[in-house]
Amino acid sequence: MNDFQPMRTSEEATADRPWLASLVGVHDANTITLDTTKFVNGVHYEPGTAFQPRNVIKSGLPLGKIKATGLYAPYSGPTSEVQTVTVTGTPTGGTYTLTWSGQTTAAIPYNATAAQVKTALENLSNIDAGDLTVTGGPHPGTAMAVTFGGQFMGDDVAAMTASATNLTGGTSPAVTIATATAGGAATASDGTEIFAGFLATESLFAPGSTKTSGALLWFGEVFADKCPIPFDPTDVASVAPGVNIHYR
């Protein structure tokens, strides 16, 4: 089942593209076909709603071309490490800290949001702004996923540890850390390990469809740290011929 969507107007498409540093090259984007079976709900696309039932693939995704089919899928370069942080025991107050590679954060509220956890970690001297994305939460009870990108893209980084001694209330409150995805070098061999460009605009597809149209930005300038998933151009091993992307 195919689901080919018309291109959105440039006014709509550029309104929500914080990763795009320059409009140069946008009008040279190539029309491509995406293999929607390769895109993951919550990572590469947002599911539809009752008011807009089509799934929305995020613009700014790095893409690769599948050799066997000629279709495009998420770029399968180095894997970003993902560690989860979960506050358990239903505390009603207090704080906790996270320690990574010898550095310990300032106190984090028991009911912190993903943004607060991200700020606490990026304030460490060994983590730069843009090195992490934090999603999920808020605490307590709901796990947050900390994804290591930027300078750590493709690295099997050290595991975080937590101190929960200052959490109060609840039943034996604690903070658990788990590695959901270990970082590592690219392992794909289907062609998606070769970087082909970025998805220039959001693409919509109906649940159950296997293909949809998209636009490939192969020439232009982007903010790599603002892509919807971590992307570090210094970790790209192979680039498709003709691709000319600059980064800020």
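**Aromatic pairs in a predicted model**

Good morning, everyone; I will talk about the aromatic rings here, and the structure holds nine aromatic pairs, where rings of Phe, Tyr and Trp (for Trp, its six-membered ring) pair if their centres lie within 6.5 Å, and where planes under 30 degrees apart count as stacked, over 60 as edge-to-face and the rest as tilted.

One of these pairs is made by Trp100 and Phe152, which meet edge-to-face, at 5.1 Å centre to centre with 70 degrees between the planes. This pair links distant parts of the chain, 52 residues apart, with Trp100 in strand E8 (residues 93–100) and Phe152 in the loop between strand E12 (144–148) and strand E13 (161–163); strands (E, at least two residues) are DSSP runs, numbered from the N terminus. Trp100 counts as buried at 5% relative accessibility, and Phe152 is buried too, at 8%, where buried means under 20% relative accessible area, exposed over 50% and partly exposed in between, with a 1.4 Å probe and protein chains only.

Phe195 and Phe198 also form an edge-to-face pair, with 5.1 Å between centres and 70 degrees between planes. Phe195 is buried at 2% relative accessibility, and Phe198 is buried at 0%. Both belong to one aromatic cluster, together with Trp19, Tyr75 and Tyr247.

Before I stop, a word on how the values were obtained. This is a predicted model, in which local features need pLDDT of at least 70 and side-chain atom pairs count only at pLDDT 80 or more, while totals for chains, interfaces and linings use all residues. Residues are numbered from 1 along each chain as its sequence is written, and side-chain values use heavy atoms, with hydrogens and water left out.

Definitions and conventions
Helix = DSSP H or I, 4+ residues; strand = E, 2+ residues; numbered from the N terminus.
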